[in-house]
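I open this notebook to record what I looked up in one structure. The entries run from a working definition through single residues to the core and the pocket.

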Amino acid sequence: MMSKRAAASVLAIVALGLVASVVLISQNNWTVELSSTQTLAGGLQVTDVKVGSGAEPQPGQKIKVHYVGKLTSGTVFDQGDISFAFDRGQVIKGWDEGLKGMKVGGERNLRIPPALAYGSAGTPGGPIPPDATLLFSVKLLAV
């Protein structure tokens, strides 16, 4: 068991380390963005990696997104750029829901459950098996 004096010493060292980190970050003009995951209706998980500063798409607007799609095993099944009318059902439901509130320049990770992706069918003959949860890294390029 640690004595009160030893515990106070450890706490002081940790506090000094935090202060030094903040000073180093501010002196070098570094930005630190903390990400948090939100779980939305249907089990869709959304994590902002970088919050954008540009326009936020409205339903029906044409948007351009760069993406990497993976299975939970880590296997990349698709990647590239795609343009589509936002929130009009032209992509899987998990994308329409998961891109809401995003701004141009933003980066987001989506964990999409099967019901909001390709469901029990998967992509017959394709890379996505039935009942697959999909992982996407997306960057909103343009509105």
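Entry 1, working definition. I take a residue as buried under 20% relative accessible area, as exposed over 50%, and as partly exposed in between. The model I am reading is a predicted one.

Entry 2, Gln 61. I first asked where Gln 61 sits, and found it in the loop between S2 and S3. Is Gln 61 buried, partly exposed or exposed? Its relative accessible area is 32%, so I entered Gln 61 as partly exposed. I then listed its contacts, leaving out residues up to four places away in sequence: Gln 61 touches Glu 56, Phe 84, Ala 85, Phe 86 and Val 143. For one of these, Phe 86, I looked up the C-alpha separation from Gln 61, which is 5.5 Å, although the two residues stand 25 residues apart along the chain. A polar atom of the Gln 61 side chain also lies 2.7 Å from the backbone nitrogen of Gln 58.

Entry 3, the chain as a whole. I noted 2 helices and 6 strands in the protein chain. Along the sequence they follow the pattern α-β-β-β-β-α-β-β. The chain has 143 residues, and 29% of them are buried. Of the contacts with a separation of 6 or more, 58% are between residues 24 or more positions apart.

Entry 4, Thr 47. I placed Thr 47 in strand S2, which covers residues 45-50. With a relative accessible area of 13%, Thr 47 is buried. Which side chain does the side chain of Thr 47 meet in a polar contact? The partner is Thr 37, and the contact is 2.6 Å.

Entry 5, positive phi. I searched for residues other than glycine with a positive phi and recorded two cases, Asp 87 at about 60 degrees and Asp 131 near 55 degrees. Asp 87 belongs to the loop between S4 and helix H2 (93-98), whereas Asp 131 belongs to the loop between S5 and S6. Asp 87 is partly exposed at 23% relative accessible area; Asp 131, at 52%, counts as exposed.

Entry 6, the nonpolar core. I counted 24 residues in the largest nonpolar core, and those with the most contacts inside it are Val 65, Trp 95, Leu 99, Ile 112, Leu 134, Phe 136 and Val 138. Strand S3 (62-71), S4, strand S5 (107-112) and strand S6 (134-142) each give two or more residues to this core. I followed Val 138 further: leaving aside neighbours within four places in sequence, its contacts include Val 65, Tyr 67, Trp 95, Leu 99, Met 102 and Leu 110. Polar and charged residues are also in contact with Val 138, among them His 66, Glu 107 and Arg 108.

Entry 7, the largest pocket. How much space lies in the largest pocket? I recorded about 190 Å³. Its lining consists of Tyr 67, Phe 77, Asp 78, Ile 82, Val 91, Ile 92, Trp 95, Tyr 118, Thr 123, Pro 127, Ile 128 and Phe 136. By residue class this lining divides into 10 nonpolar, 1 polar and 1 charged. Strand S4 (residues 76-85) supplies the largest share of the lining, 3 residues. I noted that Trp 95 and Phe 136 appear both among the residues with the most contacts inside the core and in the lining of the pocket.

Definitions and conventions: Residues numbered from 1 in each chain as written. Predicted model: local features only at pLDDT ≥ 70, side-chain atom pairs only at ≥ 80, totals over all residues. Heavy atoms only, no water. 1 Å grid on protein atoms, 1.4 Å probe; cavity = no way out; pocket = protein on both sides within 12 Å on 5 of 7 lines; lining within 4 Å. Points joined across faces, edges and corners; volume = space filled by probe spheres on them. Buried < 20%, exposed > 50% of the residue type's maximum accessible area, 1.4 Å probe, protein only. Polar contact = N/O pair within 3.5 Å; in protein donor to acceptor, adjacent residues only side chain to side chain. Core = buried A, V, L, I, M, F, W, Y, C linked by side-chain atoms within 4.5 Å. Contact = heavy atoms within 4.5 Å.
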